[in-house]
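Visitor: I should like to take a close look at a single part of this model. Please begin with the overall arrangement of the chain, and then describe that part and the helix packing in detail.

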Amino acid sequence: MTDAAKVVAVTGASSGIGEATARRLAADGHRLLLGARRTDRLKALTEEITAAGGSAAFQRLDVTDADDVRAFVSAGRERYGRVDVVVNNAGVMPLSPLDALRTDEWDRMIDVNVRGVLHGIAAALPMMRAQGGGHFVNIASVGAYEVSPTAAVYCATKFAVRAISEGLRQESTGKIRVTLVSPGVTESELADDISDPTAREAMKAYRAVALPASAIAEAIAYAISQPSEVDVNEIVVRPTASAQ
């Protein structure tokens, strides 16, 4: 348990990296507000954490709705008195070749992966400035550094998260920390969103070697645990056995 317990709001907390992060941070003694659309999973996770002696609450959250995200962050402040960290984790990955013209899926990725992060920043930034500090942890991908076939739009959204994070860092020196965490292939439900058969088949080989979600949770916990004068800006985490 850390001596500097923080209030942490985690989006996309019902599975994968978000769920693993909730468990890891709860074990460190942080107080959590968990958000996602699947409240049945959030409820089970919250009960597990509290039964183990941790502190957690949950609220249904759609990160594409700016009002919903503001209400989520406000709920954390109302419950705990402040919000120290926002982990902008919610994301989708319905890959497809551009000539498949799956424009609805493109829009969905832009709405969740980019607007969702911006909504998290907009909801928490004024509060963090008012309380004199805070920390944004934005989850990107190795796709924020490279582009592969079928992943053009997905990678574009992650390049955007990287750019937004760097801009926020430059504008927030001295008070608010910003960390970009970019996972390589990680065990999650992201690939379940892939409806295009070409992309789905390609992803089977790409995901043959994958990190457990707990590995990304460890990176997030590390960044959060640093003293206030240390800002861990970017962490890229890949499987040792993979060239991807």
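**A buried asparagine and two helix pairs**

Guide: The chain comprises 7 helices and 7 strands. The model is a predicted one. Followed along the sequence, these elements occur in the pattern β-α-β-α-β-α-β-α-β-α-β-α-α-β. The chain has 244 residues, and 50% of them count as buried. Of the contacts between residues at least 6 apart in sequence, 70% join residues at least 24 apart.

The part chosen for close inspection is N88. This residue lies in strand β4, which spans residues 85–88. N88 has a relative accessible area of 3%, and because the limit for a buried residue is under 20%, N88 is classed as buried. The side chain of N88 forms a polar contact of 2.9 Å with the side chain of N138. N138 also appears among the residues that N88 touches once its neighbours within four places in sequence are set aside; the others are T11, G116, V117, G120, I121, F136, V137 and I139.

One of these residues, G120, leads to the first helix pair, since G120 belongs to the α4 side of the contact between α3 and α4. Helix α3 (residues 66–80) packs against helix α4 (residues 103–131) at an angle of about 40 degrees, and their axes are 8 Å apart. An angle of about 40 degrees falls between the limit of 35 degrees for roughly parallel and the 65 degrees at which roughly perpendicular begins, so α3 is oblique to α4. The crossing of this pair is right-handed. On the α3 side, the contact is made by A66, V69, R70, V73 and R77, which meet H119, G120, A123, A124 and M127 of α4. Sorted by class, the residues of this contact are 6 nonpolar, 2 polar and 2 charged.

A second pair is formed by helix α1 (residues 16–27) and helix α7 (residues 213–225), which pack at an angle of about 50 degrees with their axes 8 Å apart. These two helices are therefore likewise oblique to each other. Helix α1 passes α7 in a right-handed crossing. From α1, the residues in contact are G16, I17, A20, T21, R24 and L25; from α7, they are A213, S214, I216, A217, E218, I220, A221 and I224. By class, this contact has 9 nonpolar, 3 polar and 2 charged residues.

Key:
Residues are numbered from 1 along each chain as its sequence is written. This is a predicted model: local features need pLDDT of at least 70, side-chain atom pairs count only at pLDDT 80 or more; totals for chains, interfaces and linings use all residues. Side-chain values use heavy atoms; hydrogens and water are left out. Helices (H or I, at least four residues) and strands (E, at least two) are DSSP runs, numbered from the N terminus. Buried means under 20% relative accessible area, exposed over 50%, partly exposed in between (1.4 Å probe, protein chains only). A polar contact is a pair of N or O atoms within 3.5 Å; within protein, one must be able to donate a hydrogen and the other to accept it, and residues adjacent in sequence count only if both atoms are side-chain atoms. Contact means heavy atoms within 4.5 Å. Axes are lines fitted to C-alpha atoms, for helices over the stretch in contact, and angles run from 0 to 180 degrees between N-to-C directions. Angles under 35 degrees count as roughly parallel, over 145 as roughly antiparallel, 65 to 115 as roughly perpendicular and the rest as oblique. A crossing is left-handed if the near helix is turned anticlockwise from the far one by less than a right angle, and right-handed if clockwise. Ala, Val, Leu, Ile, Met, Phe, Trp, Tyr, Cys and Pro count as nonpolar, Asp, Glu, Lys and Arg as charged, and the others, Gly among them, as polar.
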